[in-house]
Amino acid sequence: MNTKIVKNAKHLLTIVAGGVLFFSAVNLYMANIVTINDDMPKTIQSGSTVPVTITIEKGNVNGFGRFTCTLPKGFVASSSDQNFKFEDNTITILWVVLPTSKTFSFTFNVTAPENASESFVFSAKFSYVDDNEKQFTEIAPREVAVIGSS
């Protein structure tokens with residue numbers, strides 16, 4: 001057998017094996033990147049209620065999770081979700097065990113007070129445990145305008 005062909009085959013096998021290991025490592029790393037997104041509107045009419053859907057892409061993370069979001073004084077949040085709690089202007093949703101799907105969503109309603117007419121900063125945080133370490137990811141804070149009644 002030609003030794004040049006054998007050397008080229010070994011070299012090619014080394015490159016392919018290295019590529020497989022690299023992409024496997026990247027895939028494993030990416031499997032535990034957690035992101036959080038929302039559809040909070042940019043404006044809310046005072047006295048009105050808007051639904052807000054949160055989508056969490058959690059990859060292979062499982063176990064405990066907690067979502068928190070603080071609203072301005074006078075705002076009210078509600079949900080039919082059994083894990084939902086609204087106390088002291090803070091929304092809290094706890095999971096002892098996160099849903100098994102890599103991506104999951106939940107919705108809650110936010111009601112602005114009748115006399116509200118100023119903007120507020122909307123942000124939220126999702127905390128979880130990954131490899132026995134507490135981690136978190138946040139929704140980038142952004143301004144939401146509350147439009148007063150006319």
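These exercises, each with a worked solution, deal with a predicted model of one protein.

**Exercise 1. Overall layout**

Describe the secondary structure, the burial and the contact pattern of the protein.

Solution.
- Start with the elements. The protein has 1 helix and 10 strands.
- Put them in sequence order. The pattern reads α-β-β-β-β-β-β-β-β-β-β.
- Turn to burial. Of the 150 residues, 28% are buried.
- Add the surface. The accessible area is about 9,600 Å², and carbon and sulfur atoms account for 56% of it.
- Finish with contacts. Take those between residues at least 6 apart in sequence: 69% of them join residues at least 24 apart.

**Exercise 2. The salt bridge**

How many salt bridges are there in the protein, and which side chains form the bridge with R142?

Solution.
- Recall the principle. Side chains of opposite charge can pair when their charged atoms come close.
- Apply the cut-off. A Lys or Arg side-chain nitrogen must lie within 4 Å of a carboxyl oxygen of Asp or Glu.
- Count. The search gives 1 salt bridge.
- Identify the partner. R142 meets D38, with an N to O distance of 2.5 Å.
- Place both ends. R142 belongs to strand β10 (residues 133-147) and D38 to strand β1 (residues 35-38), so the bridge ties together parts 104 residues apart in sequence.
- Check accessibility. R142 has a relative accessible area of 27%, so R142 is partly exposed. D38 has 21%, so D38 is partly exposed as well.

**Exercise 3. Aromatic pairs**

Classify the ring pair W95 and F104 and the ring pair F126 and Y128.

Solution.
- Begin with the total. The whole structure holds 10 aromatic pairs.
- Take W95 and F104. Their ring centres are 5.4 Å apart and their planes stand at 75 degrees, so this pair is edge-to-face. Both residues are buried.
- Take F126 and Y128. Here the centres are 5.6 Å apart and the planes are at 20 degrees, so the pair is stacked.
- Check burial of the second pair. F126 is buried at 0% relative accessible area. Y128 is buried at 7%.
- Connect the rings. Ring pairs join F67, F84, W95, F104, F106, F108, F126 and Y128 into a cluster.
- Look for a charge over a ring. The charged end of K125 sits over the F136 ring, 4.4 Å from the ring centre.

**Exercise 4. Two residues of strand β7**

Decide for I91 and for L94 whether each is buried, partly exposed or exposed, and describe the surroundings.

Solution.
- Locate them. L94 lies in strand β7, which spans residues 90-95. I91 lies in strand β7 too.
- Set the limits. Buried means under 20% relative accessible area, and exposed means over 50%.
- Judge I91. Its relative accessible area is 0%, so I91 is buried.
- List the neighbours of I91. Leaving out residues up to four places away in sequence, I91 touches F67, T68, C69, L71, A77, F84, K85, F86 and F108.
- Add one distance. I91 and S78 are 13 residues apart in sequence, and their C-alpha atoms are 8.7 Å apart.
- Judge L94. Its relative accessibility is 40%, so L94 is partly exposed.
- Describe the surface at L94. Together with F64 and V129, L94 makes a nonpolar patch of about 220 Å².
- Compare the verdicts. In strand β7, I91 is buried, whereas L94 is partly exposed.

Terms used. Residues numbered from 1 in each chain as written. Predicted model: local features only at pLDDT ≥ 70, side-chain atom pairs only at ≥ 80, totals over all residues. Heavy atoms only, no water. Patch = residues over 30% accessible without salt bridge, like charges linked within 9 Å, V, L, I, M, F, W, Y side chains within 5 Å. Areas by Shrake-Rupley, 256 points an atom, 1.4 Å probe, with all protein chains shown as cover. Helix = DSSP H or I, 4+ residues; strand = E, 2+ residues; numbered from the N terminus. Buried < 20%, exposed > 50% of the residue type's maximum accessible area, 1.4 Å probe, protein only. Phe/Tyr/Trp six-rings, centres within 6.5 Å; stacked < 30°, edge-to-face > 60°. Lys NZ or Arg CZ within 6 Å of the ring centre and 35° of its normal. Contact = heavy atoms within 4.5 Å.
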